[in-house]
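Please look through the structure below at your own pace, turning it as you read. The paragraphs that follow begin with a single residue and then move outward to strands, helices and the whole chain.

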Amino acid sequence: MKTLTKTEELAEFCAQAATAPYVTVDTEFLRERTYYSKLCLIQLAIPGTGEENAVLVDPLVDGLSLEPLMELFRNTAVVKVFHAARQDLEIFFVDHGVIPEPLFDTQVAAMVCGFGEQVGYETLVKRIAKQQLDKSSRFTDWSRRPLTEAQKKYALADVTHLRVIYEFLAGKLEESGRAHWVGEELATLTDPETYITRPDEAWLRVRTRSSSPRFLAIVRALAAFREDYAQSRNIPRNRVFKDDALAELASTKPVTMEDLGRSRLLLREARKGPIADGILAAVKEGQDTPKENLPKVDDSRDQLQVNPALADLLRVLLKAKTESSGVASKLIAPAAELDAIAAGQRDVKALTGWRREVFGDDALRLCDGKIALAAKGKAVAVIEI
């Protein structure tokens, strides 16, 4: 198995890949101790068998430029194939400002083709490629050099079997006419906004029990400080302080270092120095926020007047559509969207695009009393009224 360590070697492989219909891609990275992922290895393969036309790229080698690979990623004549691409794409976008296009994600495609919810790569290898994966190197330290032969073999398998999986799934999508379904799903993955984390929006990911605007203003300021601090120093946000500590701080509203010292949940490192200063400043900022600038919580979903009987019928309809289409139910409509439809909302994803074709149209007809559901053996039948 070949490991590329020079820019000219990578350029030569990418030139070859530029003439191929697709290239399979995977990465190995570390993120436990950093905010941003540290790229440790890139695996690439173009059509072939076994380890033929497959290489490893070592991005930790001094002097190696990944620009030839970025050029390949920009080449729209070559499909870039990943499995569960989000974290890989985030690395390339954050480090190089590039999102590979056109993109094919075999996990998304497998959900459309009837392989269940968020199916794992190992499962697809077993079911489609008829091979077994050796996962013994899965949790190794990919930043250590030299890599062992076991690590290399494990890493390369993530792109060699992917060729078989891609060709199979692409064929199934072509036969079923569902290729555009996958295209709709990949729009989020190819949107740069997916990979941008803004400190002033970080509070929206923090779960709290209180919806008091003043409390949330403090949560917003604390979350923004934490995100900015973590990004600027490239450390995990939980190393600054965890969500439970953030909620505690928003409740106790510390004013002095002595107040911070009484916290039950705050890490020792956060009780002094720049983190402590930032916490106190954030709490003050939240306390001083003018009334008109206090955060407003969207509680419209909590106020939904859900018709429970209709919601149950929609679940039965979804199960029937899942079985008949072979598409994973959560991909069509999560439970919250079914409740929203049952409450009269129509601006939900399940009623748009390919989902409307598979489920949404009949869901609306069910809500309007134009169809009914009936048991037909082990299946559910849609009855016109």
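**From one loop residue to the whole chain**

Glutamate 117 lies in the loop between α4 (106–112) and α5, where helices (H or I, at least four residues) and strands (E, at least two) are DSSP runs, numbered from the N terminus. The model is a predicted one, in which local features need pLDDT of at least 70 and side-chain atom pairs count only at pLDDT 80 or more, while totals for chains, interfaces and linings use all residues. Residues are numbered from 1 along each chain as its sequence is written, and side-chain values use heavy atoms, with hydrogens and water left out.

Is glutamate 117 buried or exposed? Its relative accessibility is 35%, and therefore glutamate 117 counts as partly exposed, given that buried means under 20% relative accessible area, exposed means over 50%, and partly exposed is in between (1.4 Å probe, protein chains only). Leaving aside residues up to four places away in sequence, glutamate 117 touches Met111, Ala328, Ser329, Lys330 and Leu331, a contact being heavy atoms within 4.5 Å. Glutamate 117 and alanine 328 are 211 residues apart along the chain, and their C-alpha atoms are separated by 5.5 Å.

The loop that holds glutamate 117 leads to α5, and helix α5 (residues 121–129) packs with helix α6 (residues 149–176) at an angle of about 60°, with their axes 10 Å apart. Here axes are lines fitted to C-alpha atoms, for helices over the stretch in contact, and angles run from 0 to 180 degrees between N-to-C directions. The two helices α5 and α6 are therefore oblique to each other, since angles under 35 degrees count as roughly parallel, over 145 as roughly antiparallel, 65 to 115 as roughly perpendicular and the rest as oblique. Among the residues that meet in this contact are Leu124 and Ile128 in α5, and Leu162 and Phe168 in α6. By class, the contact of α5 with α6 has twelve nonpolar, one polar and one charged residues, where Ala, Val, Leu, Ile, Met, Phe, Trp, Tyr, Cys and Pro count as nonpolar, Asp, Glu, Lys and Arg as charged, and the others, Gly among them, as polar.

Another helix pair can be read in the same manner. Helix α1 (residues 7–17) and helix α2 (residues 67–74) pack at an angle of about 15°, their axes being 8 Å apart, and that makes α1 roughly parallel to α2. On the α1 side the contact is made by Thr7, Leu10, Ala11, Cys14 and Ala17, which meet Pro68, Leu69 and Leu72 in α2. By class, this contact of α1 with α2 has seven nonpolar, one polar and no charged residues.

Turning to the strands, strand β3 (residues 38–45) has seven of its eight residues buried, so β3 is largely enclosed by the rest of the structure. Strand β2 (residues 22–30) pairs with β3 in the antiparallel sense over seven bridges, two strands being paired if DSSP finds at least two bridges between them. Within this pairing, valine 25 has leucine 44 in β3 as its bridge partner. β3 also pairs with strand β4 (residues 54–57), again in the antiparallel sense, over four bridges, and there alanine 45 has alanine 54 in β4 as its bridge partner.

Finally, step back to the whole. The protein has 16 helices and eight strands, and buried residues make up 45% of its 385 residues. Residues 24 or more positions apart account for 62% of the contacts with a separation of 6 or more.
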